[in-house]
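Reader: I'd like a close look at one part of this model, the second largest pocket. Which residues line it, and what sort are they?

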Amino acid sequence: MLLERYYDDTLAQASYLIACEKTGDAIVIDPNRDVQTYVRAAAAHRLRIRYVAETHIHADFLSGSRELARAMGAKLLLSDHGGDDWSYAYSAFDGAQLVRDGETITVGKIRLDVLHTPGHTPEHICFLVTDAAVGDRPMGMVSGDFLFVGDVGRPDLLERAANVAGSMERAARELYASLKRLTRFPDYLQVWPGHGAGSACGKALGAVPQTTLGYERLYNPALQFTTEEDFTRWVLTDQPEPPRYFAEMKRLNRDGPPPAPDIAMSRSDAKAIGDAIAKGAWVVDVRGSRDFAREHVPGTINIPASKSLVTYAGTVLSYDRPIVIIAKTQDQAVGVSQQLRLIGLDQVTHFATLEVFQQLKSEGRPMQSVPLIEPRALADKLDANGTRVIDVRSRSEWNHGHLAQATHIYLGDVESKAASMQRDESIVVHCQSGTRSSIAASLLMARGFTNVANLAGGFDAWRKAGLPTERHS
């Protein structure tokens with residue numbers, strides 16, 4: 001048996017290729033939209049991808065299962081447990097095979113048994129993998145978003161991201177029951193999860209790539225509870241706000257994810273950048289937050305190119321406007337565009353590089369900057385006037401400690417809440433270390449706010465300076 005894990009750092013997402021080396025047959029589970037990764041892997045190993053499968057309807061990335069199955073002439077395997085609301089709407093059109101709990105898929109000498117594990121989502125399934133050429137017991141489980149290293153899939157997403165009112169407590173109880181089903185499996189069973197640290201599909205995912213069921217029984221807090229009530233209370237506490245784009249991913253992945261378009265970006269000059277801003281496009285400057293603070297084009301949004309770019313972009317950008325990227329190099333712009341397409345932000349039409357700053361300056365166009373204020377200077381300012389401090393971190397971060405004078409506005413809500421604020425008032429934004437608050441500051445300044453500063457070093461620096469904080473239980 002051959003097993004390969006493909007991990008995308010920007011999504012903190014894992015997909016798996018499992019193959020029988022004797023017959024050359026393979027299955028890919030939970031592919032993302034970069035389908036050429038799997039096509040190249042199959043060619044390198046001289047494999048035929050016979051099946052493409054999903055563990056559930058994903059919320060955090062646009063699935064590549066449909067596109068990969070079409071490209072390889074493979075059979076698409078999808079859960080048949082979603083009910084009326086969360087069944088795959090395109091399954092019949094694509095000739096998909098719907099699978100249910102207890103069914104078996106054979107890939108050469110490899111056996112995959114379907115295990116229905118609702119809780120994170122109603123339709124969620126796992127695949128128990130047995131190398132039948134060696135033995136008759138499963139060696140591992142592709143666990144999707146059911147069981148992670150040190151955590152479990154959050155059961156609140158349908159309610160908080162897809163607006164299915166009243167669903168998260170029921171889902172938490174289903175998740176508890178699904179975890180209890182694991183008692184019949186041995187400690188040695190390997191667990192191959194769908195996400196790692198940094199994913200918003202849980203609240204405390206581990207950073208190691210895989211685990212065993214026995215290790216999780218020892219140290220995973222979700223497996224320590226003996227009552228449904230205690231588990232439900234724990235699993236619904238301190239879950240982070242889901243990025244805004246999750247709702248769009250759930251809809252597209254349920255109804256039929258489109259193939260990635262073949263769009264070539266055009267280079268923009270200073271005039272084109274100005275025109276794009278005037279027409280309401282998202283003009284995204286992907287330089288680091290300190291470079292952006294020092295100097296940027298008025299009207300641009302700062303989303304630094306990093307492992308978190310996709311999450312932050314999906315939190316603040318909408319799908320109804322063109323996107324223009326300002327990057328250090330063309331290669332960086334292309335890389336960012338590819339990252340954005342993983343969550344269906346396909347409308348990246350143009351890019352510009354650092355030359356655009358010199359072009360604008362030569363035309364006499366003014367640049368903007370974001371003032372950085374040190375913690376003690378902010379403390380003195382708060383004592384002297386009515387500066388508004390906005391904390392853009394998650395609610396759970398806020399509850400664990402915040403500035404007494406701050407107002408909590410989650411990053412994804414900054415633009416909508418800005419309508420109720422005065423554009424000339426003194427505002428200082430902060431997050432934990434400075435990146436999210438740079439995004440927030442840029443959103444406010446692009447909407448015409450004239451007196452916005454960023455707390456240097458964020459809440460971390462405030463605490464290190466020994467300044468007072470409050471905590472909510």
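Author: The second largest pocket holds about 320 Å³ of space, and keep in mind that this is a predicted model. Its lining is made of 15 residues, and the ones closest to the centre are Arg33, Asp34, Gln338, Arg341 and Leu342. Helix α11, residues 330-341, gives the largest share of that lining, with 4 residues. Sorted by class, the lining has 6 charged, 5 polar and 4 nonpolar residues.

For a comparison, look at the largest pocket, with a volume of about 840 Å³. There, 37 residues do the lining, and Gly198, Ser199, Ala200, Pro240 and Thr311 are the closest to the centre. The largest share comes from α10, which puts in 3 residues. β1 (2-8), α10 (309-316) and α14 (395-399) each bring at least two. The class split for the largest pocket is 16 nonpolar, 13 polar and 8 charged.

While you have the model open, check two backbone spots as well. Most residues other than glycine have a negative phi. Asp30 isn't a glycine, yet its phi is positive, about 60 degrees. You'll find Asp30 in the loop between β3 (25-29) and α1 (36-45). Asp30 counts as buried because its relative accessibility is 4%, and the cut-off for buried is under 20%. Arg46 also has a positive phi without being a glycine, near 55 degrees. Arg46 sits in the loop between α1 and β4 (48-53). With a relative accessible area of 75%, Arg46 is exposed.

Methods: Residues are numbered from 1 along each chain as its sequence is written. This is a predicted model: local features need pLDDT of at least 70, side-chain atom pairs count only at pLDDT 80 or more; totals for chains, interfaces and linings use all residues. Side-chain values use heavy atoms; hydrogens and water are left out. Buried means under 20% relative accessible area, exposed over 50%, partly exposed in between (1.4 Å probe, protein chains only). On a 1 Å grid over the protein atoms alone, a cavity is a set of points where a 1.4 Å probe fits but cannot get out, and a pocket is an open set with protein on both sides within 12 Å along at least five of seven lines; lining residues have an atom within 4 Å of a point. Grid points are joined across faces, edges and corners, and a volume is the space filled by probe spheres set on the points. Ala, Val, Leu, Ile, Met, Phe, Trp, Tyr, Cys and Pro count as nonpolar, Asp, Glu, Lys and Arg as charged, and the others, Gly among them, as polar.
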